[in-house]
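Student: I have a structure open and would love to talk through its helices and side chains with you. Could we go step by step?

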Amino acid sequence: MTYVESRKNLAGSALGIAGLGLTFAGVAGPYWPVVVVGLYGAGALIAPPERPPPPDFPDPSAQLDELRTDFGTLRAYLADIELPPAASGRLTELTELLTALLDPGWVAEVLAQDPEGVHTLSRAVRQDVPEAVDTFVRTRWWTRLTPGTDPPERHLERQLGLLQEELSGLASALRDTEARRQESHTRYLEGRSG
């Protein structure tokens, strides 16, 4: 049944019908079966191949739902980690920013329209923050065995600061998008009122 509805069959059938028209017009003569079959075959050969349907990926709002779940897992992991006060403060600020960006509502709707923003947020939650904290925990243990080396707290604070800058930039970009939308609507209303 799939072939009956295929492009190749439809194109071949159209040319085969044209061959029948040529036969009734008297052009094909006694070789009309060869002409009809030949035209059907030519149509089937020149027709474009069937295109497979594109993959059905989840929409960005579904990705954000999964990301919220992963962020809950990350928060549970971070609750069990003992950090120095400065790094703990930076981590608290970062998790508050992540919470604000991931809260359901209009922010999530704007974020869902920005695939790069969703990717940045996903990378921060699933990779960057856990890696920074886990690396700190492992390096802190080794630093106790080799005193005098660069303290891992300094690297952790710097990493968390860089992540906060990146996510603050994302929040600013989302704010700018909404500001442009508001300005655009104002211009539209001004233009409409003449």
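Tutor: Gladly! Keep in mind that this is a predicted model. A good starting point is Asp134, which is partly exposed because its relative accessibility is 30%.

Student: Which residues are joined into one network by salt bridges that share partners?

Tutor: The network is built from salt bridges with partners in common. One of its links is the bridge between Asp128 and Arg123, where the closest N and O atoms are 3.6 Å apart. The residues joined in this way are Arg123, Asp128 and Glu166.

Student: Back to Asp134: which residue forms a salt bridge with Asp134?

Tutor: The partner sits four residues away in helix 6, so the two are separated by about one helical turn. The closest N and O atoms of the pair are 3.0 Å apart. With a relative accessible area of 48%, the partner is partly exposed. The residue is Arg138.

Student: How many salt bridges does a search of the whole structure find?

Tutor: We have already met two of them: Asp128 with Arg123, and Arg138 with Asp134. Another is formed by Arg126 and Asp70. For the whole structure, the search gives seven.

Student: How far apart are the closest N and O atoms of Arg126 and Asp70?

Tutor: A salt bridge needs a side-chain nitrogen of Lys or Arg within 4 Å of a carboxyl oxygen of Asp or Glu. Arg126 and Asp70 form such a bridge, with their closest N and O atoms separated by 2.5 Å.

Student: And how many residues apart in sequence are the parts that this pair ties together?

Tutor: Arg126 belongs to helix 6 (residues 115-145), while Asp70 belongs to helix 3, so the bridge ties together parts of the chain that are well separated in numbering: 56 residues.

Student: Are Arg126 and Asp70 buried, exposed or partly exposed?

Tutor: Buried means under 20% relative accessible area and exposed means over 50%, with partly exposed in between. Arg126 has 40% relative accessibility, and Asp70 has 29%. Both values fall in the middle class, so Arg126 and Asp70 are partly exposed.

Student: Let's turn to helix packing. Are helix 3 and helix 4 roughly parallel or antiparallel?

Tutor: Two packed helices are described by the angle between their axes and the distance between the axes. For helix 3 (residues 60-79) and helix 4 (residues 85-102), the angle is about 160 degrees and the axes are 11 Å apart. Angles over 145 degrees count as roughly antiparallel. Helix 3 and helix 4 are therefore roughly antiparallel.

Student: What about helix 4 and helix 7: roughly parallel or antiparallel?

Tutor: The axes of helix 4 and helix 7 (residues 152-193) come within 9 Å and cross at roughly 25 degrees. The crossing is left-handed. Since angles under 35 degrees count as roughly parallel, helix 4 and helix 7 are roughly parallel.

Student: Is the crossing of helix 1 and helix 2 left-handed or right-handed?

Tutor: Helix 1 (residues 7-24) packs against helix 2 at an angle of about 150 degrees, with the axes 7 Å apart. That makes helix 1 roughly antiparallel to helix 2. Their crossing is right-handed.

Student: Which residues form a nonpolar patch on the surface?

Tutor: One member is found in helix 2 (residues 32-46): Trp32. Trp32 is partly exposed because its relative accessible area is 40%. Together the patch residues have about 350 Å² of accessible area, and they are Leu20, Phe24 and Trp32.

Student: Is Pro54 buried or exposed?

Tutor: Pro54 lies in the loop between helix 2 and helix 3. From Pro54 to Arg68, 14 residues along in sequence, the C-alpha to C-alpha distance is 27 Å. The relative accessible area of Pro54 is 64%, so Pro54 is exposed.

Student: One last one: how far apart are the C-alpha atoms of Pro60 and Thr149?

Tutor: Pro60 lies in helix 3, and with a relative accessible area of 29% Pro60 is partly exposed. Pro60 and Thr149 are 89 residues apart along the chain, and their C-alpha atoms are separated by 44 Å.

Notes: Residues numbered from 1 in each chain as written. Predicted model: local features only at pLDDT ≥ 70, side-chain atom pairs only at ≥ 80, totals over all residues. Heavy atoms only, no water. Patch = residues over 30% accessible without salt bridge, like charges linked within 9 Å, V, L, I, M, F, W, Y side chains within 5 Å. Areas by Shrake-Rupley, 256 points an atom, 1.4 Å probe, with all protein chains shown as cover. Buried < 20%, exposed > 50% of the residue type's maximum accessible area, 1.4 Å probe, protein only. Axes fitted to C-alpha atoms, helices over the stretch in contact; angles between N-to-C directions. Parallel < 35°, antiparallel > 145°, perpendicular 65-115°, else oblique. Left-handed = near helix turned anticlockwise from the far one by under 90°.
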